[in-house]
Amino acid sequence: MILPNIVIYLVITIVTAMVYIPAVYADGAIVEIPRNAGDPSFDPQFPRPIEWYIPTNLRITVGDTVTWINNDTVTHTVTSGKGVSRYEGITGKLGVADGKFDSGLIERGERWSYKFDEPGTFTYFCTIHPWMIGSVVVEQRIPDYPHDANGNRLTLPVMTITSDRKYHVGVAWAPPVIKTGESIAFINDFFDVSGTIKQHLLKYYFVLYQNGKEIYRSLGYSERGSDVKYFVFSEPGPIIIRFEEIGGSPDNNAEFSTIVYANDDDSTIAFTSTISTAKIDTVIIHMITYAGITGLVVSAGVIYWWFRRR
Ligand SMILES: [Cu+2]
């Protein structure tokens with residue numbers, strides 16, 4: 001009876017591992033709460049963690065999920081907001097939650113996950129031990145191709161027909177992926193409705209909107225079908241590139257959209273810290289745990305079946 005038992009055991013273990021591990025760890029980062037994280041004392045004889053959340057400062061990209069694992073022997077929380085220094089914590093000062101996220105109590109050995117859908121820097125702390133502090137920096141995922149505000153890939157120049165259906169308007173921007181603080185050239189082209197005859201001295205307004213506000217407006221005249229406007233964006237976020245009063249007609253417009261990204265020169269570092277060694281350890285621990293549990297269940301079943309059969 002030994003052989004079938006081992007075969008069933010192995011099959012179930014492998015299937016469980018295949019189903020369970022990718023579901024939990026896809027696009028994720030792990031932050032470990034180490035043993036003794038709840039102890040604020042400074043005793044050189046018995047060194048306490050200098051990091052309460054490991055890694056303390058995590059960099060991820062938008063859409064990533066972070067899982068905190070409590071490997072300490074006491075309960076902790078992961079609560080967005082500002083913690084306090086270790087000294088202030090000993091004297092009873094509390095942290096201040098900002099309401100962005102809150103794990104509630106994470107018991108010993110438990111875990112909690114949160115998906116970050118917005119870019120930004122998020123600081124957090126433990127409400128029970130407010131000197132336990134950490135941060136997550138969520139970076140925008142920057143495509144390397146031009147795209148509209150919904151992320152659809154564009155071929156520049158993008159062309160459209162004006163609302164009065166008299167002209168073809170096109171725009172190309174360089175560089176093709178727009179970042180803050182860089183001078184962007186918008187190269188504008190104007191044709192007749194057939195898209196073949198360049199329009200000379202066509203009057204228009206070049207207007208940029210961002211976050212619901214007009215941020216730039218400039219009068220232009222096409223020069224043998226073309227014109228160039230320059231702009232430096234200071235804020236990231238989706239923009240509308242709008243041509244207004246084309247040919248002098250008040251309601252004759254054409255518009256395009258794209259996204260401006262925060263210019264983060266050290267963005268290449270972003271990918272190094274997302275996979276911590278804690279992740280690998282945890283995967284292995286869970287494989288062993290699941291192998292053990294499935295092994296016990298299967299063994300019990302086989303033994304039960306064996307005794308009934310006799
Ligand atoms: Cu705590």
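Is Glu245 buried, partly exposed or exposed? In this predicted model, Glu245 counts as partly exposed, because its relative accessibility is 30% and "partly exposed" covers the range between under 20% (buried) and over 50% (exposed). You'll find Glu245 in the loop between strand S16 (237-244) and strand S17 (254-261).

**Backbone oddities**

Glu245 is a good place to start for another reason too. Most residues other than glycine have a negative phi, and most peptide bonds are trans. Glu245 goes against that habit, with a phi near 50°. Asn36 also has a positive phi, about 75°, although it is not a glycine. Asn36 sits in the loop between S1 and S2, and with 31% relative accessibility it counts as partly exposed.

Then there are the cis peptide bonds. One joins Ile54 and Pro55, with omega at about 0°. Another runs from Leu156 to Pro157, with omega near 0°. Here are these backbone spots side by side:

| Spot | Angle | Where |
|---|---|---|
| Asn36 | phi about 75° | loop between S1 and S2 |
| Glu245 | phi near 50° | loop between S16 and S17 |
| Ile54 to Pro55, cis | omega about 0° | Pro55 in the loop between S1 and S2 (57-61) |
| Leu156 to Pro157, cis | omega near 0° | Pro157 in the loop between S8 and S9 (158-161) |

**The copper site**

Now to the metal. Which protein atoms are the donors of the copper ion? They are ND1 of His76, SG of Cys126 and ND1 of His129, lying 1.9 to 2.2 Å from the ion. Read along the chain, the donors follow the spacing H-x49-C-x2-H. The pair of His76 and Cys126 links distant parts of the chain, since these residues are 50 residues apart. His76 belongs to the loop between strand S3 (65-70) and strand S4 (79-82), while Cys126 belongs to the loop between strand S7 (120-125) and strand S8 (133-139). Go looking for His76 on the surface and you won't have much luck: it is buried, with a relative accessible area of 0%. Cys126 is also buried, at 0% relative accessibility.

**How the strands pair up**

Strand S3, which comes just before the loop of His76, is part of an open sheet of three strands in the order S1-S3-S6, with mixed pairing. Strand S1 (28-33) and strand S6 (111-115) are at the edges with a single partner strand each, so one side of each has no neighbour in the sheet. On average, neighbouring strands here are turned by 20° against each other, direction ignored. S1 and S3 pair in the parallel sense over six bridges, and Val31 has Trp68 in S3 as its bridge partner.

S8 is worth a look as well. Five of its seven residues are buried, so S8 is largely enclosed by the rest of the structure. S2 runs parallel to S8 and is joined to it by five bridges; in that pairing, Ile60 has Val138 as its bridge partner. S7 and S8 pair in the antiparallel sense, over six bridges, with Thr123 opposite Ser135.

**A nonpolar patch**

Which residues form a nonpolar patch on the surface? They are Ile303, Trp305, Trp306 and Phe307, and together they have about 440 Å² of accessible area. Trp306 lies in helix H3 (residues 277-309) and is partly exposed, with a relative accessible area of 33%.

Conventions. Residues numbered from 1 in each chain as written. Predicted model: local features only at pLDDT ≥ 70, side-chain atom pairs only at ≥ 80, totals over all residues. Heavy atoms only, no water. Donors = N, O, S within 2.8 Å, 3.2 Å for Na, K, Ca; no water. Helix = DSSP H or I, 4+ residues; strand = E, 2+ residues; numbered from the N terminus. Buried < 20%, exposed > 50% of the residue type's maximum accessible area, 1.4 Å probe, protein only. Pairing = 2+ DSSP bridges. Axes fitted to C-alpha atoms, helices over the stretch in contact; angles between N-to-C directions. Patch = residues over 30% accessible without salt bridge, like charges linked within 9 Å, V, L, I, M, F, W, Y side chains within 5 Å. Areas by Shrake-Rupley, 256 points an atom, 1.4 Å probe, with all protein chains shown as cover. Salt bridge = Lys/Arg side-chain N within 4 Å of Asp/Glu carboxyl O.
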